[in-house]
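Colleague: I have a few quick questions about this model; could you put it up and talk me through it?

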There are 2 protein chains.
Amino acid sequence: MEIEKIAQCLKALGDPKRLLLLNLILNGTQCNCEFSDSLNLQPNLISHHLRILKEAGLVNIERDPRDSRWIYYTINQSAYKELHEYLNNFLDPDRIQPRQPTCGPVNEVMSFAEKILPKAKQQI
Amino acid sequence: MEIEKIAQCLKALGDPKRLLLLNLILNGTQCNCEFSDSLNLQPNLISHHLRILKEAGLVNIERDPRDSRWIYYTINQSAYKELHEYLNNFLDPDRIQPRQPTCGPVNEVMSFAEKILPKAKQQI
DNA sequence: TATATAATTCAACAAACATTGAAGTATTAT
DNA sequence: ATAATACTTCAATGTTTGTTGAATTATATA
């Protein structure tokens with residue numbers, strides 16, 4: 001998954017209403033009308049936010065075979081799993097490295113240590 | 001962590017350049033000048049994006065005690081861990097529920113089953 | 001004191017975004 | 001055929017955002 005795609009997903013999720021919307025879909029809610037009632041938003045605004053989630057690839061769209069006026073949104077499971085795994089790795093706190101100065105005053109001290117006190121530096 | 005705060009963090013991360021920036025901080029890089037070199041962006045633009053990450057609470061700012069012209073950005077570990085855990089739960093694919101129709105044509109069938117075939121419905 | 005350095009802040013702009021109300025599409029019900 | 005339903009798309013609005021270049025702050029150096 002490319003970084004632009006990850007950013008697009010995160011941007012799509014970076015809105016409280018869309019987070020609530022996605023949460024409803026996760027819970028099994030699906031119709032625009034239900035979203036509209038739950039979130040107290042106009043149907044066209046729901047459509048707008050759903051499209052952003054869809055364009056990010058997080059949700060699928062499906063029309064009811066009996067009455068195609070009804071549209072059901074579902075989680076795109078593969079994309080969802082991929083995002084989950086990517087973020088779980090990316091945001092892993094174990095990845096946090098201590099500062100590795102390559103410039104600035106601290107680095108000059110390090111350079112000094114490198115020249116004058118090579119063994120002391122190894123202990124730092 | 002409130003949903004608005006989560007959304008703010010996700011929004012802050014919803015930009016390729018800020019993802020790269022955060023990745024550099026995670027790896028131990030810190031000075032504006034280094035970010036500027038790595039990402040090929042002007043220092044003031046780096047400042048802009050760093051501020052958005054800071055305002056989301058994801059990074060800390062610290063001035064060099066020897067030469068306070070230099071500013072070091074570091075990961076806000078507690079906020080980072082909290083976000084990691086929250087998203088790991090929120091985006092967990094196991095949370096995905098099957099559709100639970102409460103309206104639409106499918107629901108009418110369910111209502112029919114509820115009235116006429118209560119035992120058959122339990123098998124669905 | 002004057003100059004250089006590291007980074008931020010300001011002003012300005014076009015592009016993108018959320019929101020609203022109205023119109024449109026496709027389908028079903030009467 | 002007409003009306004109702006479920007939802008989308010369009011047009012218009014004000015707001016926010018990313019980007020640029022210039023000005024500014026704060027500190028260190030010559």
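**Chain contact and DNA strand D**

Modeller: Chain A gives 50 residues to the contact and chain B gives 50 residues, where contact means heavy atoms within 4.5 Å. This is a predicted model, in which local features need pLDDT of at least 70 and side-chain atom pairs count only at pLDDT 80 or more, while totals for chains, interfaces and linings use all residues. Residues are numbered from 1 along each chain as its sequence is written, chains are lettered from A and ligands numbered from 1 in the order in which they are written, and side-chain values use heavy atoms, with hydrogens and water left out.

Colleague: How much area do chain A and chain B bury between them?

Modeller: About 4500 Å², of which 69% is on carbon and sulfur atoms; buried area is the accessible area (1.4 Å probe) that two parts lose on being put together, summed over both.

Colleague: And how many salt bridges across the interface of chain A and chain B?

Modeller: The rule finds zero, a salt bridge being a side-chain nitrogen of Lys or Arg within 4 Å of a carboxyl oxygen of Asp or Glu.

Colleague: Which element gives the most to the side of chain A that touches chain B?

Modeller: That is α5(A), with eight residues; helices (H or I, at least four residues) and strands (E, at least two) are DSSP runs, numbered from the N terminus.

Colleague: Switching to the DNA, which residues are closest to strand D?

Modeller: Of the 24 residues that surround DNA strand D, having a heavy atom within 4 Å of it, the closest are A:Asn32, A:Ser47, A:Tyr73, B:Lys17 and B:Ser68. Sugar or phosphate accounts for 74% of the strand D atoms within 4 Å of the protein, and the rest belong to bases.

Colleague: Where do the polar side-chain atoms of B:Lys11 and B:His49 sit relative to phosphate oxygens?

Modeller: For B:Lys11 a polar side-chain atom lies 3.0 Å from a phosphate oxygen of DNA strand D, and for B:His49 the distance is 2.9 Å. An N or O atom in the side chain of B:Arg18 is 3.0 Å from a phosphate oxygen of that strand.

Colleague: Staying with B:His49, is that residue buried or exposed?

Modeller: B:His49 has a relative accessible area of 8%, so it is buried (under 20%, with exposed over 50% and partly exposed in between, using a 1.4 Å probe and protein chains only). B:His49 is found in helix α4 of chain B, and α4(B) gives the most to the surface near DNA strand D, with five residues.

Colleague: What is B:His49 in contact with, leaving aside neighbours within four places in sequence?

Modeller: B:His49 is then in contact with B:Asp15, B:Lys17, B:Arg18 and B:Leu21.

Terms used: Polar contact = N/O pair within 3.5 Å; in protein donor to acceptor, adjacent residues only side chain to side chain.
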